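Open the model in your viewer and keep the selection panel at hand. This tour goes stop by stop, with something to select at each one.

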Amino acid sequence: MKKSIYNLEFKLFFRNSSSWIGIIVLLITGFSGLYFGKTFIANQQAVIEKAAMLQKKNTLSNIDHFGKDIGLLFYHNKFSLANAPNAWAAFANGQRDINPYLISVTMLGLEGQIYDTDINNPVSLLLGNMDLSFVFIFLFPLVIIAFNYNLLSEQKESGVWSLLRAQTNRSFQVIWRKFLVRVAVIFSVALLLLFVAILYLHLPVDFIFFSITTLIIFYLAFWFAVSFFIISLAKSSNFNASALVAIWVLICIVIPASLNLFLTRKYPMPEALQNVINQREGYHEKWDMAKEVTMKPFFEHYPELKQYPFPQEKTFSWFWYYAMQQMGDDQAMPSRRAIENKLAARQRFTNTLAFFFPTIQAQLGINNMAGSDLNTHLDFQQAVRKYHEQIRLHFYPGIFLNKAVDSTDIKDYKLEKYSPQQTPSVWVNLLSISILTVILIGTTAFNFKRQEQF
Amino acid sequence: MPNRISTIAKQTFKTVLNNRATLALTLLLGLSLCLATYVGWQNFKTQNNQRLHYKELVRAQWLAKPDKHPHRMAHYGYLAFREKHELSFFDFGIESFAGVSIFLEAHKQNTVNFSEAGFSNGMLRFGEISVAMVLQLLVPLLIFFLGYNSISAERESGTLKILLCQNVSWKQLLWGKTLGIIGVCLSIFTPLMLLTILLWASLSHWQISGDASLRLMVLIFSYAIYFFIVSAVTVLVSAFARSSKSALTTLFACWIFFMVIMPRITQAIGVKIYPSPSKIEFADAIATDIHKQGDSHNPDDPHYAAIKDSLLKTYGVTDVKKLPFNYGGYIMAEGEKITSKIYSNHQKELNKIFEKQNSITKVAGFMNPYLSLKHISMAITASDFDTFVDFQNQAEAYRYQLAQKMNKLQIDKISNIAPGEEEKPLAISKANWAEQPDFNYHFGKLSSVITNELLALSALTCWLLATILLLQYIARWIKTI
């Protein structure tokens with residue numbers, strides 16, 4: 001009996017052309033999101049492969065050109081570290097279009113190089129990427145709204161509701177059944193898209209997969225709860241549609257956009273400009289100062305380098321030059337720390353806000369899991385710093401002793417790939433979305449109870 | 001006949017404002033507009049002041065440099081900061097996604113760094129509240145809400161038949177309803193525009209340039225057209241819809257498709273069709289070209305060997321050290337000339353690719369008035385791609401001029417005989433540094449902006465004409481019942 005009722009409900013649902021339109025819109029945008037997301041990341045992968053090739057080629061041609069002067073060779077030669085995308089980056093491109101995923105640096109001052117951006121089309125950055133996470137975060141809620149807004153009101157407006165109430169005292173069950181049908185359809189579409197994503201993007205079915213899937217399910221459940229709450233107010237279809245679209249516009253666009261503006265006002269970043277100036281002055285001013293001014297702090301920073309003889313009497317030496325470069329970085333340290341603190345403060349602020357807004361929460365959570373958020377980029381920057389330091393300390397002795405280039409292992413240096421160390425977690429994101437969902441469901445249940453009494 | 005239209009318009013205006021929910025919504029939107037104006041203005045002020053502060057600092061530091069070799073100064077270089085246009089508080093455009101500062105030095109072209117987006121943890125991706133965003137995205141939503149039942153409700157209540165029986169024509173009805181809705185719209189838009197003008201005037205210390213006021217006029221005019229198009233579409237959808245409910249859902253679906261989904265898809269298609277090179281590919285292509293032209297580091301390079309030979313011949317000397325000017329400076333000037341020309345050509349090519357990518361979205365403006373208005377608004381408030389490219393070009397021109405100025409100082413004032421390894425380096429007086437002027441960005445004129453945006457402007461005009469024609473002649477296809 002029960003089974004056949006559900007069969008009927010499904011039939012009713014699929015007989016409506018708008019149901020099909022909703023499903024088809026989700027599938028088409030979902031597939032195009034997959035396609036564009038994958039193209040975007042495939043392009044980055046191709047560039048990284050090409051960079052690996054160019055790294056070799058450029059090193060050889062640099063040796064050819066500047067091989068007689070080891071100091072000059074390392075003045076020109078670049079070393080590259082790539083933030084290679086993982087499979088999930090194609091699912092959520094996140095900030096990977098804005099932040100450089102390939103950083104090539106010489107042994108000179110790092111603060112003057114590490115912030116160099118890739119060459120981008122700012123209009124593309126403004127309009128944003130089309131990926132599957134966009135479809136899940138922005139479009140699924142809209143289809144959920146479209147499927148649900150007239151669940152109760154339509155029955156009332158067509159007069160079915162009063163007939164039904166006269167025949168059964170469990171009229172709520174009818175609404176509930178219709179609701180479950182829609183839940184089943186939406187979740188099937190979502191899981192279908194995720195399944196296609198596994199095949200198409202070659203996603204590993206691992207902890208990250210289950211985290212993201214759970215996050216998406218919770219997020220969609222939140223929107224069902226929102227819709228059900230509005231239905232429970234028992235207003236007209238037009239009211240429901242307007243109210244739900246207004247809620248969507250508020251929590252998907254207006255509130256995050258306003259908060260972002262507030263964020264930029266509250267935590268401005270003049271430190272970044274200050275940092276450039278500090279680095280530039282810290283290095284360039286040393287040319288006009290006694291060598292002591294450079295070498296004393298340099299040897300304090302790297303006492304182990306004292307063992308190499310410093311050519312004090314020479315007007316110019318590479319030893320002095322590289323030490324001066326290091327002074328730029330050392331003198332930019334306070335402003336660099338200030339940038340890091342500011343960014344951390346911004347992150348804390350956003351995390352707190354996200355607790356109240358599931359859209360922000362889902363976006364941050366998915367980007368975080370996919371390794372395409374700002375934090376991953378900052379970790380990547382730290383890895384570049386480490387790599388830079390390691391290369392400098394490795395080649396300093398050869399330069400300071402003015403050895404032949406052939407005596408170094410520079411030819412063995414290839415493009416390195418950065419891989420994040422720790423796996424992020426989504427517990428906080430899940431918790432906050434589920435709390436909001438539960439509150440909404442509670443209020444909805446209360447609303448329906450009250451109506452049943454009348 | 002116009003009388004009747006205005007009666008209908010007045011009536012629509014009153015009914016709409018009498019509805020308490022819409023009144024509340026309208027007021028809320030007006031409030032958020034005021035807020036957006038204020039915050040946009042604050043944002044403009046702090047960011048521009050920041051940039052001006054560092055601009056002055058950079059200048060002071062440049063002038064304070066002691067006596068030194070001019071080539072050291074060429075490497076010390078200059079920092080240029082992208083200034084915001086006074087109207088950019090209205091529309092942020094690509095401001096947050098484009099870099100702010102660029103380091104200009106000899107031999108090397110750097111990227112414009114430190115965009116706000118680079119410091120964002122993803123929040124920016126939801127958008128930024130600006131006056132333009134409210135007007136472009138939210139006001140249409142309000143118009144849809146105000147007007148979705150403008151005709152369909154008359155039909156549902158049966159008053160439509162009565163109206164038409166009383167010798168009111170469909171044309172009058174459509175025009176009247178459209179004008180009534182625009183009236184509501186303008187009643188929040190007009191005070192806001194006045195506020196904007198006042199704010200902007202005070203920003204520029206009551207010294208309003210002709211160009212800027214023209215810009216504002218065009219801006220206001222474009223938005224007014226946009227609102228008209230949206231209102232007319234709303235009334236037409238309401239006239240054709242089977243019921244108020246279906247009108248509302250159709251309008252909401254249009255809003256989502258045209259304003260949320262379509263911009264992303266058109267741009268993604270543009271990027272796909274016209275792929276742009278990555279930074280390393282770009283740099284590699286330039287390096288290859290420079291290598292072909294000649295390599296100033298290679299003493300046997302034919303290009304530079306020829307220069308050397310001709311110089312030796314002209315001055316009748318046997319060694320470059322005997323030349324009456326600094327030979328190293330001369331060669332560097334030649335190298336800078338070659339490399340910067342090659343670089344500029346590549347940069348031009350790259351910008352062309354970017355423009356092609358954007359052209360898909362621009363052409364889509366013929367299907368989607370939101371996209372054409374967005375482009376027009378960004379261009380007029382100088383927060384668009386073209387302005388950014390213009391900044392890059394001006395910065396590069398300054399960089400080249402600076403490098404060549406320092407090369408010239410070296411050629412003229414530095415001895416041709418290099419000092420020994422342990423001698424004092426050659427230097428010239430610091431008085432020379434002041435000869436290099438400060439970097440000042442100059443915004444383009446409105447006329448050039450208009451020429452650049454002809455496509456978007458004509459798209460908006462097409463929409464205007466199409467809606468007018470529809471309001472005039474569509475009546476025969478509308479069903480009364």
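A residue counts as buried if 20 or more other C-beta atoms lie within 10 Å of its own, as exposed if 12 or fewer do, and as partly exposed in between. Keep in mind that this is a predicted model.

**Stop 1: H107(B)**

Select H107(B), in the loop between β2 and β3 of chain B. Is H107(B) buried, exposed or partly exposed? There are 14 other C-beta atoms within 10 Å, so H107(B) is partly exposed. Check the backbone too. Phi of H107(B) is near 65°, a positive value in a residue that is not a glycine.

**Stop 2: the sheet of chain B**

Widen the selection to the strands on either side of that loop, and add β1(B). Three strands make an open sheet in chain B, in the order β1-β2-β3 and with antiparallel pairing. Which strands stand at the edges? They are β1 (78–81) and β3 (108–109) of chain B, and each pairs on one side only.

Now look at β1(B) beside β2(B), residues 101–105. Four bridges join the two strands in the antiparallel sense. To find the register, pick F81(B): it stands opposite S101(B) in β2(B).

**Stop 3: α14(B) and A403(B)**

Add helix α14 of chain B, residues 385–413. α14(B) lies across β1, β2 and β3 of chain B, and runs at about 25° to β2(B).

Within α14(B), select A403(B). A403(B) has 27 other C-beta atoms within 10 Å, and is therefore buried. What does A403(B) touch, leaving out residues up to four places away in sequence? The contacts are A74(B), A106(B) and E336(B).

For a sense of scale, draw a C-alpha to C-alpha distance from A403(B) to L27(B). The two are 56 Å apart in space and 376 residues apart in sequence.

**Stop 4: the sheet of chain A**

Switch to chain A and show its strands. Here, too, three strands form an open sheet, but in the order β2-β1-β3 and with mixed pairing. β2 and β3 (416–417) of chain A are at the edges; each has a single partner strand, so one side of each lacks a neighbour in the sheet.

Take the two pairings in turn. β1(A), residues 79–82, pairs with β2(A) in the antiparallel sense over four bridges. A82(A) stands opposite L102(A) in β2(A). On the other pairing, β1(A) and β3(A) run in the parallel sense over two bridges. There, L81(A) stands opposite E416(A) in β3(A).

Two helices pack on this sheet. α2(A) touches β1 and β2 of chain A, and its direction makes about 160° with that of β1(A). Helix α16 of chain A, residues 374–400, touches β1, β2 and β3 of chain A, at about 155° to the direction of β1(A).

Before leaving, colour β2(A) by face. L102(A) and S104(A) are on one side, I103(A) and V105(A) on the other; all are buried, so both faces of β2(A) are covered.

**Stop 5: α2(A) against α8(A)**

Stay with α2(A) and add helix α8 of chain A, residues 171–201. Their axes are 11 Å apart and meet at an angle of about 25°. The two helices are therefore roughly parallel to each other. Their crossing is right-handed.

Show the side chains where they meet. From α2(A), pick I23(A), L26(A), L27(A), G30(A), L34(A) and K38(A). From α8(A), pick V185(A), V189(A), L193(A), V196(A), A197(A), Y200(A) and L201(A). By class, this contact has eleven nonpolar, one polar and one charged residues.

**Stop 6: H202(A)**

Move on to H202(A), in the loop between α8 and α9 (207–232) of chain A. H202(A) has 10 C-beta neighbours inside 10 Å, so it counts as exposed. H202(A) has a positive phi of about 55°, although it is not a glycine.

**Stop 7: where the chains meet**

Finish with both chains on screen. In the contact between them, 72 residues of chain A meet 73 residues of chain B. Which elements of chain A give two or more residues to its side? Among them are α2 (17–66), β2 (102–105), α5 (132–148) and α10 (237–266) of chain A. α10(A) supplies the largest share, 17 residues. By class, the side of chain A that touches chain B has 38 nonpolar, 24 polar and ten charged residues.

Notes: Residues are numbered from 1 along each chain as its sequence is written. Chains are lettered from A and ligands numbered from 1 in the order in which they are written. This is a predicted model: local features need pLDDT of at least 70, side-chain atom pairs count only at pLDDT 80 or more; totals for chains, interfaces and linings use all residues. Two residues are in contact if their C-beta atoms, placed from the backbone, lie within 7 Å. Ala, Val, Leu, Ile, Met, Phe, Trp, Tyr, Cys and Pro count as nonpolar, Asp, Glu, Lys and Arg as charged, and the others, Gly among them, as polar. Axes are lines fitted to C-alpha atoms, for helices over the stretch in contact, and angles run from 0 to 180 degrees between N-to-C directions. Angles under 35 degrees count as roughly parallel, over 145 as roughly antiparallel, 65 to 115 as roughly perpendicular and the rest as oblique. A crossing is left-handed if the near helix is turned anticlockwise from the far one by less than a right angle, and right-handed if clockwise. Two strands pair if DSSP finds at least two bridges between them.
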